[in-house]
Structures are given as C-alpha cells and as structure tokens.
Amino acid sequence: MTEFVPSLEQGRVIDHGEEPLRVVAGAGTGKTTTMVLRIARFIDAGGDPARALAITFTNKAADELRDRLRGTLRLHPEGREPEVATYHSFAASILDEFGARIRHEPGYTVMDEGHRSELAARVLRDIDDPALDLTAIAQRRDELLTISDALNDNLIDAQHLEKFAPRELDDIWTRRLALARAAAAFAEAKARHQMIEFSDLIARAVKVVDTYPEVAAEIASRYDQVVMDEYQDTDPSQRILLRALFASGPVITAVGDADQTIYEWRGASLENFEAFPTDFPKADGMPAATLPLSVNRRSDRLIIDLANDVRTQLPAVSHSFDLVPNDDAGAGAVVASWFRTDHEEASWIAEQVTERHGEGIAWKDMAVLSRTREGLRPIAHALRDAGVPFEVGAMGELLQIPEIADIVAWLRLIADPRNEPPLLRVLMGGRYRIGMADIAAMRTAVKSGAIDVHEPRLIDAALHADRVEFSELGRRAIASFAVTFLAAHRAAQAMSVRAIVDEVLDTLKVWEEVAALPPNDALTARINLTRFIDLADRWRPLDATATLGGFLRYLDALDESRRAAELDAATDPSEDAVRLSTAHGAKGLEWSDVYLPGLADKVFPAGIRSYFDPERSALVLPYDVRLDADSYADVRAAKSEDERKRLLKIRHDHQEWRLAYVSVTRAKHRLVLSGHAWDGEIKNPRTPSDLLVKAKELVGAQIGPFSHDPGPRPEPAPWVDEGPAPDPVFTDGWDGALREAIEDPEWFTTAFPEHADDVAARVAQMRLEIEDLAEPTVDPEPQPFATSVTNLVALAQCPLRFKWIHHDRLPRRPRASALRGTEFHRRVERHNLGRLSLDDLEDATYDEGGPAEGPSDAAQPAVDPWAVFEASRFHDRPADLVEAPFEIAIDDRTVRGKVDAVYVDDTTWEIVDYKSGAPKQSDALDVQLQAYAVAASRGALSEDPPEQIAVTFAYFGVDPVEEASQRVDDEWLARANERLAVLLEQADVGPFPASPGAECQWCDFLHHCEAGKAFLAHDA
C-alpha cells in the first residue's frame, strides 16, 4: 500500500506550531486526514495521547475520526488514546460530571425529531391561550418547536424574552410571547419525562461553566491539543461554551468551510467561523493564523469547475479559496438534462443508473440527492420499476415505501382493529385483493344489522364472514385474512414493539416473499425492512409504558416533522444499493456518481417562503436578544421594510447556493443535473433553475435530453379497462358463460357436467332468496332541494362548475388563498367574539363567494388583511351578530349560509361580508349579499326583521379597506327574491351549460372542461 504523502497545504497545517489555528478546508480536500496527522504530530513530539481532544458533529464522523486515529497512532503501552466526541456528547459529559451543581438530573433520554413533535403536540392540547389558533395543531406544533430551538440556541427563556417586549403589544409580540409560554410548558414536559434535547445539552453545559469558572478551568487543564471539526456549523451557544473552555490554555485548531454552512435555519452561525481568530487569539493577543486546504482529492476537474462556478454566487469571506483539482484528477463528466414531466425525468435517471451499473459502477457508488424528500418519490418508483436496488436515507420517506407502509398498516390494525384506512389498505392490497364489490357487501352487512355485535365496524364483517354476501374469491381471501389477523392480534397482546414487528413479519411470511423477489428488488426490500426494524428496536416511549399505540404516534410525528429528513444523520451505505437522500442528509458523504433531480426555478435553489424578520414573524427572536446579533447589523440598519426584505432574501439565496455547493461536491467522477417542467397540480410549467443553467453552460459539460418546449399541461392518465384476468374455468370469461347460460339453460350441465350438481344447488338457493325479498311498500319521501350561498354564487358564475361542485362532485384542491382567507376570518371572528366558536371546526364554515384570487393564489399577498382590518372602522366597533347562520325556503327549495357580521344602528342593519382579497367586479358575487338581505328581511337572523337594511362587501386585501355598499329597498328586495328563486330552480333541475371566462384559468375543473380550455386558448 502506497504511503500517504500530504500536500504542501496539508503539511503546513500539520506542522503549524503550538498556537491556535483556523483551517479553511474546502470540500473534498482531505480535512479528516489532516486533522488526524496534526494530532499524530502532537503525540510524536512527546504529547500524551489522552490529552488530545477531537470534536466533530455526527456520530458517524466521530467513529471515522476515532478509527483513523487508531490506525495511524502508535499507542502508549497503557493503551491511552485521544478523546473523540461530538459537540453534544462533549456537553453531555460535562453535565454527567458537573451537572449536579445546576440541579441537572442524570438518567435523561435524548429526544429525536419524532419525540419532539409528539411531545409538543401533547403540550399544545393542554394549552388554552386565545393568542394561539389551536384548531391548526400541526402548524402550531412546528411553530412551538421553532421558538423553543431559538430560545435554547440564544440561552434565554420566556421570562427573559418578556423583558424585551414593548409596553403595547402588537399582534406579532402577542403571538411570540404566547409561543414562548408554550415553549416553557414544553420544557416542563421534557423534565417530567426525563427527556432532553441536543440544544438543552449545550445550554446547560454553558450554565455550568458560566456559573462555575473553576469547572471551565478544570476541563481546560485536561487537554493540551484540541481539534474542532465542522466549526462553521456551530451555533452561538456552542461558540460561547467552547470559548469559555478553550480561549486560553490548550492549542486549539478549528477546521471548517464557510461555503458549507448549510444549517443556518437550525441555528448555525456564519459569524462563528469568521470570528475564530479573535475568539481564540494567540498568547500575545494577536488573531490566530488561518491556513487553507484547497486541493480537492475527491472530484474530477469538470465537477470542480462547476463547484467553483457555484461559489461565485456566495459572498467573499476572509481567506476563502477556489477548489483546485488534484494532479491525478480525471476530466470527469457533468451532464445537464431537462424533461417535460417528473415521470420522464425519473425514468431517464433509472435508465442512466442501470446503464452505469452495467459499465461496472457498483449500486452503492451512486446516489440521488433531492432538495426535498417529496422529490425522491418519483425516483423511488422509477428505480423500483427498473429493478434497481435502492436505500432511502430520510426516515420520513422510508415510511412511504410500499413494503413499509404495508407493515405499518398491519401495526395500526393490530393496535386498533376498528381503524378502517389501514384495514382497507390490507384487504385491497396485493395479498388479499378484496374488490370494491366485496367491500360494499361488508358495509351493507354492517349497516343492516346482520353483524350481531355492539356497534359493528368493518373489521367485524371480516371476522363474521358467514353474515356477509361475499363473492367466492372474496370469501376465500377474507377467511385467510381473518386467520392471519387473529393470530397476529393475539400474539401481540403481551409483546414489545420490536417483537410485534417481528411477529407481523413472520405471520405474513414477509421474509419468504422477499426471498422470492428478483435479486435487486429483494435487496431493496431487505434494506428498507431492516431499517424499519432498527427504528422499532431503538424507539423508546415518552411515557413509562412502551405500547404499540405509542410507537405509531411516534411514527406519525416523525413523518409529519418538516425537519426529520434534514436532520437524518448521514450514514455510509450498508448494502450494494443506490442511496436516495435529501441534500442536507448527504453532507459528509461521497459517491462516484451523483444525480441532482428537480432543478427547477424556485425549487433548487429554493425560493424564499418566509423572511427571517422579527418585525413580521413571531417565530423570529428580536435581534437584540440574539447572541449573533452582530451578524445581522446590515439588516438592523435597514431604513425600510423593503430594504430589510431585500437583505434577508440575499441571505436566504446564499444559504441555498451553499447547499448547492455541498450537493455538487459529493460527486467524484460523474455529476448528472436535471429537472422537469410539469409535476403534480401546478398550473404553469417550471423553468430550469440557475444551477441547472450553470451546468448546461459549463465548458465541457454534456447536454443530455433537453426538452425546450414544455407543451401543454399533461392530462391525468386515463383509467384503462384492460379487461378481466384470464378465467381459470371459462374460456370466454364469466360474462361469456353467463350469456351462454341465458341462451341455453342446459348449456352448463352439458359443458361442465362435473359441476352440475353444485350449480343446481346454488341456483335453487338463489331463487329462494329472491322470492323471500320483501316488496317495497312506500316510495321514500323526496327531500327538498337545498344548497349553500357559496354554491349559488358558483352557479351564477358558471353553471357547469356548480354541477361539478354540487351534483357530479369532482375533487377540489386546497388553495393557499382559501387557507389565508380562513385564517383571516378566524382572527376577525375571534376578535368580535373574544373567542373562537366551536363551529370553526366544521368544513366550509365561511362563505367564499367565488374562485381563487388567481395568480396571487400561490404567493403571499402584498397587503396583510388583518393589519388593514385593525385600521378600519370595523375593528373598534363590536358586531351585534357574528357568523350568524341562516336557512330560508324559496318555492320549496332551501338556501343556507352564514353572515360574517351585522352592525345595528337604531333601525338600520348593516350586513357586512369580509373579503381578505382585493375588490372584484362580478355580478355573481351580488348573489351573496342578496341572499343575506332576503334572510334578514324574513326574520331568519333574528325574531324581529330590521326596518332598514344595508349590505356591504369590505375588501381587506387593499390598503386602506375598500367598501362596496348597497341600500336595500322594496324594489331591490323583490329583485333579490326573484333572482334567488330562478337560481335555485336552475340549481335543482338545470340546465348546466359552461360559461367560460377569464376566471377559468383558476378553476379547479379546468382539465375536465373543454369549453374553458378552448376559451383560454383563444384568449391567449
């Protein structure tokens, strides 16, 4: 084996004298080897190995560093060796030894993202705070965890934050303090469960060394040499801890790279690495020296060229250098491609991976890195279809893999047999293939009372199959299911979670099925199942009792956590399989070939979703209380909100480009960058991102398939009836046999004499059952037609749209504008009532009165509707009626709705409908006000109808508020009654012609509507 020869740069770092040193180590420049050899130099010069300390971030990195040290050093006879720790385990060791001084209790459990999400949701359910809208519990949970992290990272608590609050609290400060109080409750809950977070470890260790300086001196005296890895990813509290311990005393070396700071969103501070020379000065007070590592030993030349091009998007920092290829680096390959759809892109990637494997590249030497875990799903499907073995890096994404989703469905069914969704997944899946007809028969049996149990559910029909009219195939399948389910359910009653998982795998004979798969498919399944088993084995409950229900709640919390994928620790491939990972989860790893899919504008690099601005977001701590406040000096000095946003957007863009730099530099020899124009439900095609454009324009890059014309939006794939599977008995299928039997009743006896007796018995039984059916006596009373005000507005706009909403219902998308409108109405309602009504939990509580706001639907509005409401005349005047429901009959038909607010002045009622958007000219919208006025005039809103009525639309999507009011007189009211009667008749019996217009481009049903598509095509 050739002895490693350090480069000139590495030699300078290794041989640097006994004084503090900052090492700027670019991607792939051999920093781990350099760190090991610097510690080895200290020991070779006579230093005690046990007085050397190496600190890094992840357990994987610590294990690698420990192994490299053991393989390099000649240990002393006593077996003494350098101490290797992660930043958090080092803090934990301080608490283990000195934590009693601050009343830190031993025996705690460190929480992961699943535990955090689960416990935070519990805490919120016990909180009664009008400043928090707890009907949106998932969103509040994420906000609670964000503010909790921010408080810990900056070493403050809710009480400290309150001291910085202004005397007059605005809405931002009200919510911020409410979330801080929730974070305090979260901290108390952690203490009750003897659980602790990584950020708690640092905060408590800081408290120890800050309160007891002699402890800091004692710890520092134990080391002569300290090397800190990935220093750019430390947060302000870690900086304070390390500075308190090592600012003087041991020789300290910090290794890092400002260009790889990709964790700012979870607290990492760029200022730490920049300030190291002054935080850890030389003995004479002068700043510590800085040395570079710029020779990349990992990647080929073209990949390094692209990485350096990406670096041009980043701000220049002191002592920052471009990467330089190693002398023996090859040319390498950079490929840029663009596709019409995500499915085309995924299929092409699968083909490329398969082709490269045929050329001799091991599966495990290839990886697909996505900006988000959702971007991995089409890739996983394509690899599975191509028979490529793959390993999923993100734990949340693992739960979506079919074989894991099936196991989880069984676990949910065992934990709660009455839980229908997992039961349907199990019954209708590949194992039992129960069809819709048999499912319908089960529901009929349950509803009819044929199942003789208290409050029967679908599972009872499966376990009492003799009471259900199953098909023959269905009966056999359900009998097999019942045997398997009862065996697994009984066995699981006294088992640990890990044992239950094993029992399910054994009962279902999963391992036998995996062994029967093609080799690559078997490997993929085995990898994913093993990871899930390991997860079940490692899991520990929040409560004392480890139950299956607790484990399932943990899985839900882990899957719902937005940060779980980014926080998954990087691990080396355990099997020969392609790695699928998020870009964050790939840091510290490398592969021969790396694929970066989904490189569309605003996707990767990602567009900004929210500004890190304490003036606009309750989740952002004021700069005055942040430990890294100096790094936001330019933002704090901004003269306007627009200038502040511009600066914050620049910071966000820099973080995205640093993530791009990390992603690009994971590749050794081949880097494939790609994207697509169409996916999901987007209305307009995507365009290539700047990262993909850089790759395409790179000198020497290869251009793969590149679709310059996105074409029209792809229609959903139509359902194709491929016909029944070949019938094992009848050559022409069962339907052909039925026709033969109708034409010749004796045909079956002649064609299949061996089954004649059985068939005759079944025919006789069927005749008895048919003759025993009761004749209907009375036709059911027809119900009067009824609809909502919102639906009548839709009818007035486009009758065909109404038909698809009310009669022939088609699925509709959730819209950002609708969600923002609902949030706005909630706040106004809470303001008017002083609380939130229980009705808010129901669907369609607020009349929308029209389609979405159009192009602004996906973006945050320029105007904050709540701020406009606060400045309007409606804010300081209590409404006399709030969210008042009504129902009125017109010609034997009914319309129902809800009035936002009624303001009573002497004998006049002003009925107001709040709109969170901008004014729109639409005659159809008047139907809303007409219905409200008619309801008020008929006494549907109160026992005494008002003498005078005014109706008003108040538009809070513009500043100041814009009002559109109408006075109601007898003539106006007569026209309103007549219009409502005509609309209700049409809503009941039709006709429902299309009425295309400009709003078609925002209609949920455009891909079904030929008239709308034709109108838009002509209009374009």
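On the surface of this predicted model, a patch of negative charge is formed by D732, E740, E743, D744 and E746. Within this group, D744 is placed in the loop that runs between α30 (733-743) and α31 (747-751). The relative accessible area of D744 is 36%, and this residue is therefore classed as partly exposed.

Aromatic contacts were examined next. In total, 22 aromatic pairs were counted. One of them joins W804 and F1005, whose ring centres are 5.9 Å apart and whose planes meet at 75 degrees, so the arrangement is edge-to-face. Helix α34 (residues 799-807) contains W804, whereas F1005 belongs to the loop between α38 (970-989) and α39 (1010-1019); the pair therefore ties together parts that lie 201 residues apart in sequence. W804 and F1005 are both buried.

A second pair is made by W866 and F869, with ring centres 5.2 Å apart; the planes stand at 25 degrees, so this pair is stacked. Both residues lie in helix α36 (residues 865-870), and because W866 and F869 are 3 residues apart there, about one helical turn separates them. The relative accessibility of W866 is 9%, and this residue therefore counts as buried, the cut-off being under 20%. F869 is likewise buried, its relative accessible area being 0%. W866 and F869 also take part in one aromatic cluster, which further includes F824, F874, Y903, Y914 and F956.

Key
Residues numbered from 1 in each chain as written. Predicted model: local features only at pLDDT ≥ 70, side-chain atom pairs only at ≥ 80, totals over all residues. Heavy atoms only, no water. Patch = residues over 30% accessible without salt bridge, like charges linked within 9 Å, V, L, I, M, F, W, Y side chains within 5 Å. Areas by Shrake-Rupley, 256 points an atom, 1.4 Å probe, with all protein chains shown as cover. Salt bridge = Lys/Arg side-chain N within 4 Å of Asp/Glu carboxyl O. Lys, Arg positive; Asp, Glu negative; His and termini not counted. Charge placed at Lys NZ, Arg CZ, Asp CG, Glu CD. Helix = DSSP H or I, 4+ residues; strand = E, 2+ residues; numbered from the N terminus. Buried < 20%, exposed > 50% of the residue type's maximum accessible area, 1.4 Å probe, protein only. Phe/Tyr/Trp six-rings, centres within 6.5 Å; stacked < 30°, edge-to-face > 60°.
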